[in-house]
Amino acid sequence: PIFKMCQSIHLMGNIWSIIITQTASGLPFLVILMQSYMSGISKEIDEAAEIDGASSLRIYASIAMPMSRSAIVLSMLFSGVWYWNETTQASMYFADAIPTLPVQLSNFTARYEAIFGKDDAVNTVSRLNQATSLAGTLLSILPILILYICLQKQFVESIDRTGIAGE
């Protein structure tokens with residue numbers, strides 16, 4: 001149904017087709033993740049801010065959002081990995097119009113096997129195919145790995161952010 005809808009409104013081969021479909025499919029999970037994290041924030045902190053005269057918007061911006069920074073980072077990592085490794089919808093909606101790295105990697109492996117064959121008797125060709133596939137896979141996971149290394153500090157800091165001793 002989604003494919004037909006994108007086809008009827010002429011979004012095939014357009015970046016908006018993948019943005020709309022991926023947002024529609026991934027957003028419910030991220031909303032549930034954020035809601036469950038936000039419901040775990042202590043009510044005493046909110047009540048103390050209300051007593052101090054903070055408005056609901058101020059409580060949200062100054063207390064809830066900084067405390068939920070680790071959940072936001074986790075949501076970013078989940079959605080980043082989810083969308084970065086997506087090949088099925090990207091190959092369906094883009095075809096060859098916008099090549100993505102995972103799709104190109106699978107196309108490269110298929111082309112390599114078509115040219116050199118998939119003969120296990122010829123160990124050199126088989127090993128070369130595995131080596132090039134693994135090199136391409138390493139290059140495709142490198143941006144996500146760098147993103148995780150840059151954001152891992154947020155996970156450790158989230159333990160100290162509760163603000164209440166003994167929890």
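# A walk along helix H5 and its partners

Let's start with Ser75, which sits in helix H5. This is a predicted model, so read everything below as a description of that prediction. Ser75 has a relative accessibility of 9%, and because the cut-off for buried is under 20%, Ser75 counts as buried. What does Ser75 touch, once its neighbours within four places in sequence are set aside? The contacts are Leu30, Leu33 and Met34. Keep Met34 in mind, as we'll come back to that residue from the other side.

Before going on, here is the overall layout. The chain has 167 residues, and 26% of them count as buried. You'll find eight helices and zero strands, so the run of elements from the N terminus reads α-α-α-α-α-α-α-α. Now take the contacts between residues with a separation of 6 or more: 69% of them join residues 24 or more positions apart. The Ser75 story has a few such pairs in it, and we'll meet some with their distances as we go.

Back to H5 itself. This helix covers residues 69–84, which makes 16 residues. From first C-alpha to last, H5 reaches 22 Å, close to the 22 Å expected at 1.5 Å a residue. Ser75 has company in being buried: Ser70, Ala71, Val73, Leu77 and Ser79 of H5 are buried as well.

Which way does H2 run relative to H5? Helix H2 spans residues 15–39, and H2 and H5 pack at an angle of about 155° with their axes 10 Å apart. Angles over 145 degrees count as roughly antiparallel, and that makes H2 roughly antiparallel to H5. The crossing of H2 past H5 is right-handed. On the H2 side, the contact is made by Gln22, Thr23, Ser25, Gly26, Phe29, Leu30, Leu33, Met34 and Tyr37. H5 brings Ser70, Ala71, Ile72, Leu74, Ser75, Phe78, Ser79, Trp82 and Tyr83. Sorted by class, the residues of this contact come to eleven nonpolar, seven polar and no charged.

Now for Met34, seen from its own helix. Met34 is found in H2, and at 18% relative accessibility it counts as buried, because the limit is under 20%. Apart from neighbours within four places in sequence, Met34 is in contact with Ser68, Ala71, Ile72 and Ser75. Take Ile72 as a worked case: Met34 and Ile72 are 38 residues apart along the chain, yet their C-alpha atoms are separated by 7.4 Å.

Another name on Met34's list, Ser68, lies in the loop between H4 and H5. Is Ser68 buried or exposed? Ser68 is buried, with a relative accessible area of 0%. Beyond its neighbours within four places in sequence, Ser68 contacts Met34, Tyr37 and Met38.

Move along H5 to Tyr83, which is also in that helix. At 29% relative accessibility, Tyr83 counts as partly exposed, since that class takes in values between the 20% and 50% limits. Leaving out residues up to four places away in sequence, Tyr83 touches Gln22, Thr23 and Gly26. Measuring C-alpha to C-alpha in the model, Tyr83 and Ile19 are separated by 9.6 Å, with their positions 64 residues apart along the chain.

Next, a residue of H2 with other partners. Thr21 is in H2, and with a relative accessible area of 5% it is buried. Its contacts, neighbours within four places aside, are Ile2, Cys6, Gln89 and Tyr93. The C-alpha atoms of Thr21 and Ile2 are 7.5 Å apart in space, while the two residues are 19 apart in sequence.

Finally, look at the pair of helices H3 and H4. H3 takes in residues 43–51 and H4 residues 56–67. They pack at an angle of about 155°, with axes 11 Å apart, and are therefore roughly antiparallel to each other. Their crossing is right-handed. H3 makes the contact through Ile45, Asp46, Ala49 and Glu50, and H4 through Ile59, Ile63 and Met67. The class count here is five nonpolar, no polar and two charged.

Definitions and conventions. Residues are numbered from 1 along each chain as its sequence is written. This is a predicted model: local features need pLDDT of at least 70, side-chain atom pairs count only at pLDDT 80 or more; totals for chains, interfaces and linings use all residues. Side-chain values use heavy atoms; hydrogens and water are left out. Helices (H or I, at least four residues) and strands (E, at least two) are DSSP runs, numbered from the N terminus. The expected span of a helix is 1.5 Å times one less than its number of residues. Buried means under 20% relative accessible area, exposed over 50%, partly exposed in between (1.4 Å probe, protein chains only). Axes are lines fitted to C-alpha atoms, for helices over the stretch in contact, and angles run from 0 to 180 degrees between N-to-C directions. Angles under 35 degrees count as roughly parallel, over 145 as roughly antiparallel, 65 to 115 as roughly perpendicular and the rest as oblique. A crossing is left-handed if the near helix is turned anticlockwise from the far one by less than a right angle, and right-handed if clockwise. Contact means heavy atoms within 4.5 Å. Ala, Val, Leu, Ile, Met, Phe, Trp, Tyr, Cys and Pro count as nonpolar, Asp, Glu, Lys and Arg as charged, and the others, Gly among them, as polar.
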